[in-house]
Amino acid sequence: MTAAPASGTAAPASGTAAPASGTAAPASGAAVPASGAAVLASGAAAPASGAAVPASGTAAPASGAAAPASGTAAPASGAAAPASGTLTPGTAPAATAPAGPAPVVLAVIPARGGSKGVPAKNLAPVAGVPLVGRAVRACLGARPVTHVVVSTDDPAIAAAARAAGAEAVHRPAAIAGDTATSEAAVLHAMDAFEATHGRAADVVLLVQCTSPFLTSAEVAETAGRILSGAADTAFTAAPSHGFLWRETAEGAEGVNHDRAHRPRRQDREPEYLETGAVYAMAAPGFRTHRHRFFGRTALVATDPARVLEIDDPHDLARAKALAPLLDAPATPGLADVDAVVLDFDGTQTDDRVHLDAEGREFVSAHRGDGLGIAALRRAGLPVLILSTEQNAVVAARARKLRIPVLHGIDRKDRALKEWCEAEGIDPQRVLYAGNDVNDLPCFHLVGWPVAVSSAHDSVRAAARAVTVTPGGAGAVREIAAWLLGPELDAPARATAARTTPARTTTEP
């Protein structure tokens, strides 16, 4: 095999000329050129998604010389091919073989249901998304990945995996216990994938959903080390300049340093801590060795600030607190949402209540919120107010906005679920906006839990998106702008807008 540019794109037409004598037979073990991705020996372009993975690394021509950085094939004499792509007089064009199928890059996410340290850990939400769902999203967003499979023995985890866009493979009890290895789960998932799809994977990834801040870029880069032929195995690791120590019978002893010599940080080469987030392996080699490390191993350096592995409740609490800082801002668009449900106090108000001498309550609402709700209705989105408080003020506001209200609700999540069933709306397509802990059960039910910026810390940590604007100051107007654009002028949906009249419902 000769080499193509690192981007994995097709080699330019200027480089497909070959010497009259034909292309040299490849020699195994030759060095991989800097450009990385492999193309067919005839000089045909590699598929855009990445090149085929050779079993023992990318082969170079028999001469042992690396192919030119441009990815073009050099004539036998060693002279460069003409830049224009025209053939040198007296040479003949090489026969171009059809490009083979794109390599299959299979991401396997092991997710057992029997976690001891954190019950139902893999379903625990961080920023409103279950840990297994976050891992699936990171894999789906990585360009080289072609298939994502979650290996689990838990039906709830399987359902969450499918909802996030992955396939689910049932893991037998024999490899689902506390002593089962991740490698066993990956090998079983590879067998199941091959039986279902009729094709073996070329590269397999082991992705842990207990690393909540794994990015698609890290997944892509780790897979890319194998696709390029640069390595047989690869993993993510965080650089460290720390001084490590161990306890011995004679006292503390330096592990990675001489305690009598304290070099400055800038004078030390970094060491790397395995993050446990993602591993990539050439699939044939993994089947042979049955272990995640074999052959040449490459590491992919990651940001130490994003490294967190969830093993106990304290780790999970840290992840929820860090999510608003580390997650890329994500807000939904109109195509992501079929309905908007709004808490009232603290979301459409500033959470304060004014009382007169006779005990009558007064609250302040923002006119921008009314403008946003009217625009949502024009766009054909059902809007509902859902409030724990049974208050005439809530009902009056709903009448003015001409939207339905459910208030005096003890179990908001149950009321929301029943409303979705009555309206024929999938809860995963609902945006729910709230501010306090009584909104959290609804957050766990819907696909787009949104916290206003003035919400309590635990609510912001559980949200998938957080407004910039506080409750009662135009937060609903901001949400409407996410869905409809800053001018609130997105066209109405193709289906007719619902014309449900404003109604008031209370629980006894």
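## Strand β22 and its two faces

Which residues of strand β22 (residues 448-451) lie on one side, which on the other, and are they buried or exposed? In this predicted model, W448 and V450 sit on one side of β22 and P449 and A451 on the other. These four residues are buried, so both faces of the strand are covered. As background, side chains in a regular strand alternate between the two faces of the sheet.

## Neighbours on either end of the path

Let's follow the chain into β22. Strand β21 (residues 430-434) pairs with β22 in the parallel sense, over four bridges. One of the residues involved is L431, whose bridge partner in β22 is W448. Between the two strands the chain passes through helix α10 (residues 440-445), and this β-α-β crossover is right-handed.

Now follow the chain onward. β22 and strand β23 (residues 465-466) run parallel and are joined by two bridges. Here V450 has A465 of β23 as its bridge partner. Helix α11 (residues 457-462) belongs with β22 and β23 to a β-α-β unit, which is right-handed. W448 and V450, the residues named in these pairings with L431 and A465, are on one side of β22.

## Enclosed space

If you care about voids, the structure has three cavities of 30 Å³ or more. The largest cavity has a volume of about 110 Å³. It is lined by 13 residues, and those closest to its centre are E218, T275, A277, R306 and V307.

What classes of residue make up the lining of the largest cavity? Six are nonpolar, four are polar and three are charged.

Terms used: Residues are numbered from 1 along each chain as its sequence is written. This is a predicted model: local features need pLDDT of at least 70, side-chain atom pairs count only at pLDDT 80 or more; totals for chains, interfaces and linings use all residues. Side-chain values use heavy atoms; hydrogens and water are left out. On a 1 Å grid over the protein atoms alone, a cavity is a set of points where a 1.4 Å probe fits but cannot get out, and a pocket is an open set with protein on both sides within 12 Å along at least five of seven lines; lining residues have an atom within 4 Å of a point. Grid points are joined across faces, edges and corners, and a volume is the space filled by probe spheres set on the points. Ala, Val, Leu, Ile, Met, Phe, Trp, Tyr, Cys and Pro count as nonpolar, Asp, Glu, Lys and Arg as charged, and the others, Gly among them, as polar. Buried means under 20% relative accessible area, exposed over 50%, partly exposed in between (1.4 Å probe, protein chains only). Two strands pair if DSSP finds at least two bridges between them. A crossover is right-handed if, with the strands pointing away from the viewer, the path from the first strand over the helix to the second runs clockwise.
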